[in-house]
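Trainee: I would like a close look at one part of this model. Please take a single strand and show me what surrounds it.

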Amino acid sequence: MANQPKKSLKKVNYCNANFFGSYDESKTKFTLPVGHLICDFDLDLKDASNKYCSQYCHERGTFNGTKFTFDSSKWKYDNKFYNKALTTLQIINNKATISDVVTLPSNLSYAITGIPVMLNGNDVKWKDYVKPQGWDGSELYATYHIFVGIKQEPADTIYVMGYKTSTSNMIYSGEVYKVFKNLGFRDVIKLDGGGSYYLNAANTTKATNENRRINAIIEFGSAAAGASCPYTEPTVTLKKSSKNTSGVKWV
Amino acid sequence: MIALMKKGLWTSGGHYIVIWWADNKIRINDPASTKTERLNGDPDTFFSQAKYFWSIDAREFNKKVATTMNYYTQNNVNIVEVPVS
């Protein structure tokens, strides 16, 4: 969870992620997710915007420590995706899958709903498949978009992609299906784009001009972002001394 | 590991220290001392004076932050390969 203008995060190696709604309360702007989302939530609640974001996330979703779950099937008010089977990237046991889910399984570590553009190696039908999920097509116009794809299922690697489309409905035209088919993908979903578009990786940033407040981001691990463990795998195990164990509690 | 030491070499009352390695000695980061005998503890002395241990395994976390992404452009698509972890 970010809830910050996309260029103002003090982070590197991330992209904009989910679709969201923008809200304004007491002249404070904040965002809330649209569609399923399971993410880490560690916002600074001293920030007024984050406070509202947290308040309404508590109302709409559930928290387990710092893990936030918004299950779209459980929030009815003003939710056109309520109880719809939404195509969702799901991470479980360090494996990624993309499938349609009405209610989020309880054992996921991360999840994010997107617009399906390619499933099981095939294209998807805009009118018969995508539109009934609740999308209205305004998300698909010609601009820069973020996509997430996998090449097999379950997958050890996810592919986060930035691409500029040129047709007014990238699904109806088959534009993105052709692109991702040629790249060897099995399943691809479209995340947010346009004014939300932001992709920073390896010291390179691709973004549209507007510094729009976005809701959640996908962070990419990087060797530069965190030093690797300086120690090798331990070969010695600390064991209780046979002579001096009194008062020692092993946990 | 974090250890709470009782009265002895490391403290006259109670004191927390960090164990970062163990070989023939218990290798310690001691926030209150740089004395060699307190940073490189004799195992018998150490175990006799340790009251509680907390073990913290950060290897999975370190793997996560150390994951190397791969960024490239193919067919006009900017692609980041992200290992799932």
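Mentor: Here is a walk around one strand, its partners and its surroundings. Keep in mind that this is a predicted model.

Start with strand 13 of chain A, residues 144-150. Is this strand covered or exposed? Mostly covered: six of its seven residues are buried.

Now look at its partners. Strand 14 of chain A, residues 157-164, is joined to strand 13 by six bridges. The two strands run antiparallel. They also form a hairpin, with six residues between them. Strand 15 of chain A, residues 187-193, pairs with strand 13 too. That pairing is antiparallel and has five bridges. In general, strands of a sheet pair through backbone hydrogen bonds, either parallel or antiparallel.

Pick out A:F147. Which residues are its bridge partners? In strand 14 of chain A, the partner is A:M161. In strand 15 of chain A, the partner is A:K190.

A:F147 also belongs to the largest nonpolar core, which has 67 residues. A:F147 is among those with the most contacts inside this core, together with A:C15, A:V117, A:V160 and A:I189. Which strand gives the most to the core? Strand 14 of chain A does, with five residues. A general tendency fits here: in soluble globular proteins, nonpolar side chains tend to be buried together.

Follow A:V117 next. Set aside its neighbours within four places in sequence. A:V117 is then in contact with A:F147, and with A:I189 and A:K190. Its other contacts include A:V124, A:M170, A:I171 and A:F180.

Go back along the chain to the loop between helix 2 (126-130) and strand 13 of chain A. A:W135 lies in this loop. Why does A:W135 count as buried? Because 23 other C-beta atoms lie within 10 Å, and the cut-off for buried is 20 or more. Beyond its neighbours within four places in sequence, A:W135 is in contact with A:I115 and A:V130. Find A:F81 as well. A:F81 and A:W135 are 54 residues apart along the chain, yet their C-alpha atoms are separated by 8.3 Å.

Now the other end of the strand. The loop between strand 13 and strand 14 of chain A holds A:P154. What kind of peptide bond joins A:E153 and A:P154? A cis one, with omega about -5°. As a rule, most residues other than glycine have a negative phi, and most peptide bonds are trans.

Two other loops of chain A hold residues with a positive phi. A:S26 lies between strand 3 (20-25) and strand 4 (28-33) of chain A. Its phi is about 50°, although it is not a glycine. A:S26 counts as exposed because it has 6 C-beta neighbours inside 10 Å. A:A202 lies between strand 16 (198-201) and strand 17 (204-207) of chain A. Its phi is near 50°, again a positive value in a residue other than glycine. A:A202 is partly exposed, with 14 other C-beta atoms within 10 Å.

For a contrast, turn to chain B. Five strands there form an open sheet in the order 4-3-2-1-5, with antiparallel pairing. The edge strands are strand 4 (40-41) and strand 5 (50-54) of chain B, and each pairs on one side only. Strand 1 (residues 2-5) and strand 2 (residues 15-22) of chain B are joined by four bridges. Within this pair, B:L4 stands opposite B:Y16 in strand 2 of chain B.

Technical notes: Residues numbered from 1 in each chain as written. Chains lettered and ligands numbered in written order. Predicted model: local features only at pLDDT ≥ 70, side-chain atom pairs only at ≥ 80, totals over all residues. Buried ≥ 20, exposed ≤ 12 C-beta atoms within 10 Å, placed from the backbone. Pairing = 2+ DSSP bridges. Core = buried A, V, L, I, M, F, W, Y, C linked by C-beta atoms within 7 Å. Contact = placed C-beta atoms within 7 Å.
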